[in-house]
Amino acid sequence: MAKDATIHRALASPVRASLLEVLSGKAAPVGVSQLADELGLHTNTVRNHLAILEHAGLVTSSLRAPRERGRPRHLFRAVEQPEPDPDVAYQLLATLLAEIVSSGQPEIDQVAEDAAAEWGHRLALSDTVARTSPDGSHIDRLVGLFDALGFEPVLELEAHDDVSLTFGRCAFLEVARNHPDLACAVHKGLMRGALEALDDGGTTVELTPAPAEGRCTAYLQHAR
């Protein structure tokens with residue numbers, strides 16, 4: 001948080017914001033004199049602003065030896081800032097929604113599973129799944145769907161042509177850590193809805209969760 005505050009203070013000045021914008025557009029480090037000319041400022045003013053930007057970690061400097069006699073020149077360039085991670089925002093949003101939902105009605109897990117089943121039905125019939133496994137069985141397409149969702153499923157054959165899916169990664173892990181029942185209900189609902197769409201409800205699913213390990217296993221049983 002302290003670093004963020006330092007950055008905000010550094011960029012609070014329109015002059016420093018303009019200076020950083022100019023530096024960001026340069027392919028190579030540039031000197032104070034060139035920056036001063038481009039911005040119409042005195043070199044000392046530019047140096048002061050650059051010092052603040054460098055302290056905030058937005059600018060870095062290096063020394064270059066002169067071609068002839070004289071002092072080395074300080075050259076400056078903008079520090080490339082990492083792109084914000086959208087997953088962090090989605091995780092926060094999902095966690096907040098889970099907390100709100102969990103504080104409601106006592107049968108909320110079943111409500112969440114039923115809502116997820118509707119989405120699973122839609123996703124199973126989407127173009128994404130069709131492209132993943134256009135000619136595969138309903139199990140192949142189910143694996144393709146959950147692979148696309150980031151669950152890293154591994155298919156294993158069981159007795160009587162039943163199968164199990166071990167998910168190497170929980171795509172809802174951030175929510176599952178604090179709200180495992182709700183996250184697992186959504187996961188199971190997605191699977192149930194997808195199977196209803198792909199197999200016309202001929203396969204049932206039981207989910208054995210292990211949220212602490214970030215993985216779980218689903219057992220798929222054909223109708224007898």
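Is His49 buried or exposed? With a relative accessible area of 14%, His49 is buried (buried means under 20% relative accessible area, exposed over 50%, and partly exposed anything in between, using a 1.4 Å probe and protein chains only). The model is a predicted one, where local features need pLDDT of at least 70 and side-chain atom pairs count only at pLDDT 80 or more, while totals for chains, interfaces and linings use all residues. Residues are numbered from 1 along each chain as its sequence is written, and side-chain values use heavy atoms, with hydrogens and water left out.

Back to His49, which lies in helix α4 (helices are DSSP runs of H or I with at least four residues, strands are runs of E with at least two, and both are numbered from the N terminus). Setting aside neighbours within four places in sequence, His49 is in contact with Ser13, Val15, Arg16 and Leu19 (contact means heavy atoms within 4.5 Å). Two of these partners, Arg16 and Leu19, turn up again among the buried residues of helix α2 (residues 14–24), along with Leu20, Val22 and Leu23. These buried residues lie on the same side of α2, because they cover an arc of only 160 degrees around the axis (the arc is that of the directions from the helix axis to the C-beta atoms). Over on the other side of α2, Pro14, Glu21 and Ser24 are exposed.

Helix α4 (residues 43–55) also has strands to deal with: it lies across β2 and β3, and runs at about 115 degrees to β2 (axes are lines fitted to C-alpha atoms, for helices over the stretch in contact, and angles run from 0 to 180 degrees between N-to-C directions). Those strands belong to an open sheet of 3 strands, in the order β1-β3-β2, with antiparallel pairing (two strands pair if DSSP finds at least two bridges between them). At the edges are β1 (30–31) and β2 (59–64), each pairing on one side only. Strand β3 (residues 73–78) is joined to β1 by 2 bridges, and the two run antiparallel. Within β3, Leu75 stands opposite Gly31.

Next come the aromatic rings. The model has 4 aromatic pairs (rings of Phe, Tyr and Trp, the last by its six-membered ring, pair if their centres lie within 6.5 Å; planes under 30 degrees apart count as stacked, over 60 as edge-to-face and the rest as tilted). One of them is the edge-to-face pair of Phe146 and Phe151, at 5.3 Å centre to centre with 70 degrees between the planes. Phe151 also pairs with Phe167: the ring centres are 5.8 Å apart and the planes are at 75 degrees, so this pair is edge-to-face. That pair links distant parts of the chain, 16 residues apart, with Phe151 in the loop between α8 (138–148) and β4 (153–157) and Phe167 in strand β5 (residues 163–167). Phe146 and Phe151 are both buried, and so is Phe167. Together with Phe172, these three form one aromatic cluster.

Phe146 also appears among the buried residues of α8, a list that includes His138, Ile139 and Leu142. After α8 comes Gly150, with a positive phi near 95 degrees.

Finally, Thr217 sits in strand β7 (residues 215–222) and counts as buried, at 18% relative accessibility. Leaving aside neighbours within four places in sequence, its contacts are Ser164, Leu165, Thr166, Glu206, Leu207 and Thr208.
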